[in-house]
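This briefing covers one protein structure. Read it with the model open, and take the topics in any order.

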Amino acid sequence: MAPESSRASLARYAAPVIIGVAVLALWQALVVAYDVPKYIVPSPLAVAQTLVADWALLGRSLAVTLRMTLIAFAVAVVLGTLIAFVFVQSRWLEASLFPYAVLLQVTPIVAIAPLVIIWVENVEVALTICAVIVAIFPIISNTTLGLRAVDPGLADLFRMHRASRLQTLVRLRVPSAAPYFFGGLRISSGLALIGVVVAEFVAGTGGHAAGLAYQILLAGFQLNIPRLFAALVLITLTGVALFLAMVWLARLALGRWHESELTR
Amino acid sequence: MRFNRMPMDSEAARLARAPAQHAEGAPVIELAAVEKTYPSGTRALAPIDLVIRGREFVTLLGPSGCGKSTLLRLAAGLDAPSAGRLRWWGQGFETVGRPGQHLAMVFQQATLMPWARVAANVRLPLDLARVARPAADRAVAAALELVGLAPFAASYPRELSGGMQMRVSIARAFVTDPDLLLMDEPFGALDEITRAKLDADLAALWGTRALTVAFVTHSIYEAVFLSTRVVVLSARPGRVVAEVAIGEPFPRTDAFRLSQRFAAFCAELGGLLASAAET
């Protein structure tokens, strides 16, 4: 398969890497050439050095952020899926509850976070709750959509063969919803991270439960810009890693049958 | 790529093959003054009276949008008539599915589950009826053999051509060994050559079993080639304007397609269809 596909994969993987390296090199060159002070724009090398030097601190914060993100994401997935299943049980139920899910979605998390932090004593739990609020909506809306997006012909077939409600759910609705669900996962994983970071900015945790957002805040106050950048890099990498994990999961689950995972 | 004769001792044959309680010629499905008006106000069917008897291959022929598909949906129990009454084997729909009263339908599209392999797609009706796995698998193998797709049992639908997908759909209908088979323009989306081939295979298959078929098409040639009787429907709202018996012995081959008699039937139906479309 040949030159075609190898050239295509070259374009897909090599091209972005080349762009990235070029931008970093240019950045490094400009900072060195114009002798830009570290506390305004640090060079990529300086950021890398800080990342290594401050790893004890940043690594611990990364672990905190990551733990909250993963817990929030897991809760959002489980809860969101359950709510979606409840929604599709009846149009009436969905019509009466869906507006409140939307309400949750459109209210900025920065506005809710202080309340949650006041109400919930444990800061880490409060931040996780905020992240769940942000991350749950794509799961609810996508899964609900997917559970309803059933081929009418197949629905007829199931009806004709007198499939029970449970059989229809398990054999028809759930598989039909899978591509939508995985689309929701992709969005939601990123939102969980954003939720944790934003909520922590608002809460301003400290002490041993400090996440990456706290490091950014602190570094900003101290004008320790290289550390700020280093923390930023870690957040970005976490987001990318989550996204890639979701892509991989979707491919694993849908691989051979769904269009979105073919021809890649 | 021919439909093969299903081994008679197969599990599928045994599964539903209770003592045939519908003698040849007994009504399998009866429509008495059946009407259908959709909530939108569209009147799809004018009062229709129609009886399809055991071992008949009846084709409903009519212009597009004449309510043929609506009629078939009513026959499949997927919709209820607005007026009139349908009987299956002389009884209500709730008795459909009893031994000797199995019903299967082939839709316009193959209507396969894209996430399931061919074998799982064919097995679906048995799974839904909670047939034990070994028996179901034997029936699936036999049904796939029947449509010449045994080597593709582990493929996914998207890996097959349109014609092959339709064969899978037919295998899924035959896996329950139906007594009444409803087919809604099953080959309408296929090219002419594939269609002629599948028609020939279907005719051969029908000849080997005690099966009643109600077939919907707007192709005159298909109707003449396949049917024992053609029912011509008028433009919407559909009603029966003529019935033509095709008294040609089975098995029918390409020789029949090229015969004078075939041309004569086509001409007759063509005339009826033209006048049906005007009214």
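A salt bridge here is a side-chain nitrogen of Lys or Arg within 4 Å of a carboxyl oxygen of Asp or Glu. By that rule the structure holds 17 salt bridges over all chains. The model is predicted. The points below take up the salt bridges, the contact between chain B and chain A, two parts of the strand architecture of chain B, and two individual residues.

**Salt bridges**

- A network of salt bridges links A:Arg171, B:Arg123, B:Asp127, B:Arg133 and B:Asp137.
- Within this network, B:Arg123 and B:Asp137 meet through their side chains at 3.1 Å, N to O. The pair links distant parts of the chain, with B:Arg123 in helix α3 of chain B and B:Asp137 in helix α4 (residues 133–146) of chain B, 14 residues apart.
- B:Arg123 has 10% relative accessibility and therefore counts as buried, whereas B:Asp137, at 33%, counts as partly exposed.
- B:Asp137 also meets B:Arg133 in a salt bridge, at 3.4 Å from N to O. About one helical turn separates B:Arg133 and B:Asp137, because they are four residues apart in helix α4 of chain B. B:Arg133 is partly exposed, at 49% relative accessibility.
- A salt bridge also joins B:Arg257 to B:Asp254, with the closest N and O atoms 3.4 Å apart. Both residues lie in helix α8 (residues 254–257) of chain B, three residues apart, which is about one turn of the helix. B:Arg257 counts as partly exposed at 22% relative accessibility.

**Contact between chain B and chain A**

- Chain B contributes 26 residues to the contact and chain A contributes 20 residues.
- The two chains bury about 2,100 Å² between them, and 62% of this is on carbon and sulfur atoms. On the chain B side, the residues that lose the most area to chain A are B:Leu78, B:Trp115 and B:Leu128, which together make up 32% of what that side buries.
- Two salt bridges are counted between chain B and chain A. B:Asp127 forms a salt bridge with A:Arg171, where the closest N and O atoms are 3.5 Å apart.
- Six residue pairs are in polar contact between the two chains, with both residues at pLDDT 80 or more. On the side of chain B that touches chain A, the elements giving two or more residues are β5 (103–106) and α3 (118–128) of chain B. The largest share of that side, four residues, comes from α3(B).

**Antiparallel sheet in chain B**

- An open sheet is formed by three strands of chain B in the order β2-β1-β4, with antiparallel pairing. Its edge strands are β2 (43–53) and β4 (83–88) of chain B, each of which pairs on one side only.
- On average, neighbouring strands of this sheet are turned by 15° against each other, direction ignored. Helix α2 (residues 68–75) of chain B packs on the sheet and touches β1, β2 and β4 of chain B, and the direction of the helix makes about 55° with that of β2(B).
- Strand β1 (residues 27–37) of chain B is joined to β4(B) by five bridges. B:Ala32 stands opposite B:Arg85 in β4(B).

**Strand β8 of chain B and its partners**

- Strand β8 (residues 229–233) of chain B is largely enclosed by the rest of the structure, because five of its five residues are buried. Its two faces are both covered, with B:Arg229, B:Val231 and B:Leu233 buried on one side and B:Val230 and B:Val232 on the other.
- Strand β3 (residues 57–61) of chain B pairs with β8(B) in the parallel sense over four bridges, and B:Leu60 stands opposite B:Val231.
- Strand β9 (residues 240–245) of chain B pairs with β8(B) in the antiparallel sense over five bridges, and B:Val232 stands opposite B:Ala242. β8(B) and β9(B) form a hairpin, with six residues between them.

**Two individual residues**

- B:Pro81 is in the loop between α2 and β4 of chain B and counts as partly exposed at 26% relative accessibility. B:Pro81 touches residues including B:Val34, B:Leu74 and B:Leu86.
- A:Val116 belongs to helix α5 (residues 109–119) of chain A and is buried at 6% relative accessibility. Beyond four places away in sequence, A:Val116 touches A:Ala126, A:Ile129 and A:Cys130.
- A:Val116 and A:Ile129 are 13 residues apart in sequence, and their C-alpha atoms are 7.7 Å apart.

How values were computed:
Residues numbered from 1 in each chain as written. Chains lettered and ligands numbered in written order. Predicted model: local features only at pLDDT ≥ 70, side-chain atom pairs only at ≥ 80, totals over all residues. Heavy atoms only, no water. Pairing = 2+ DSSP bridges. Axes fitted to C-alpha atoms, helices over the stretch in contact; angles between N-to-C directions. Contact = heavy atoms within 4.5 Å. Buried < 20%, exposed > 50% of the residue type's maximum accessible area, 1.4 Å probe, protein only. Buried area = accessible area lost by both parts, 1.4 Å probe. Polar contact = N/O pair within 3.5 Å; in protein donor to acceptor, adjacent residues only side chain to side chain.
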